[in-house]
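Hi there,

Here is the structure I promised to pass on. Have a look at it first, and my notes follow below.

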Amino acid sequence: MKKYFTLLLVLFLTSFAVQAQTLTQQADFPGNGRFRCFSFMLDGKLYVGGGRQYPAAPPAMADFWVFDPAANAWTQLNDLPFGARSNIRAVVVNGKAYSGLGYDGNGTSPSSLHNDWWQYQPQTDTWVQKADFPGAARYQPTLFASGGKGYLFGGSNLFGSSAGTNLKDVWEYNDQTDAWTQKADFPGDGRTSAFAAPDTDGGVFIGLGYVSNLTNFFSDVWKYFPTTDTWQSLPPLPGTANVPVIDGGCSFYAVYNGKLLLSNIDLYATVLEDYLTYFVLDINSQTWTAYENANPIGSRGDWAFGIDNS
């Protein structure tokens, strides 16, 4: 049966070729349409799990899938052992994939939040529980890897009028010792849904996002240097002729050939969506260029991944 949703994980998977700026349609995702899922690349394959439907019930899901680009085919794997989970993230550290946190069920109260941490083993399609995240349980944090370590930044534990906050703490995960260490806080405002794009020099571009109750949205961009635990402020994302202020969540980002590429940005603050513009930061000159109407996918909150420079 066909499944239609306002917000989709993906109805068709695409491969973005940066050199020619073209998109080639791949096999449709065979599971339910969704958003707020987790994904990671491992051994040349894409893995996708969890997420939620909106507003259909049940909102959180526990299914887990792998996409093989060589075969252009999806395969359903064993369900997630930690159950249905939404607003969950994943990261690959030293060739090993990790996921955790997020919330279960409807995600309407702090009791639905988790701080568990799991490692996926593709040879046996199993998950092994690791040391719990020692910070506050949360949803929609930003995860990234650099220098053989995993990092977790931000997220939120705020639900409606309940006590909670949009977080700005940063944590380092050492997969060799299975231990977490708190690092210097992010110097900007606490937020969810920030992007994180590692650079070739070991730094990581981080920025955009919004607070969980959608009362504040961000256009700032930063660079974090894990080896020195320091932050550098970069020029904020510029507006365009059609949308003078660009801020919100970003689901398409990459560093390629000395450039930072951002697209698929939810402009909640202006009740607009600029999914069609590619924003390119020249890393050396620190100047932005906007390529309007360059994204042929259209208006949706989807995501992208890279394989062999595509």
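To start with one pair: the bridge partner of S39 in β4 is V48. A quick note on names: strands (E, at least two residues) are DSSP runs, numbered from the N terminus, and two strands pair if DSSP finds at least two bridges between them.

Please keep in mind that this is a predicted model, where local features need pLDDT of at least 70 and side-chain atom pairs count only at pLDDT 80 or more, while totals for chains, interfaces and linings use all residues. Residues are numbered from 1 along each chain as its sequence is written, and side-chain values use heavy atoms, with hydrogens and water left out.

Back to the strands. β3 and β4 (residues 45-49) run antiparallel and are joined by five bridges. They belong to an open, antiparallel sheet of four strands, ordered β3-β4-β5-β6. Its edge strands, β3 (38-42) and β6 (73-76), each pair on one side only.

Now the interior. The largest nonpolar core (buried Ala, Val, Leu, Ile, Met, Phe, Trp, Tyr and Cys residues joined through side-chain atoms within 4.5 Å; buried means under 20% relative accessible area with a 1.4 Å probe, protein chains only) has 15 residues. F38, F40, Y47, F64, Y120 and W127 have the most contacts inside it. β3 gives the most to this core, with three residues.

Y47 is worth a click: leaving aside neighbours within four places in sequence, its contacts (heavy atoms within 4.5 Å) include F38, F64, Y120 and P122. Another core, of 13 residues, lies apart from the largest one, and F195 and W288 are among its members.

Best wishes

Methods:
Buried means under 20% relative accessible area, exposed over 50%, partly exposed in between (1.4 Å probe, protein chains only).
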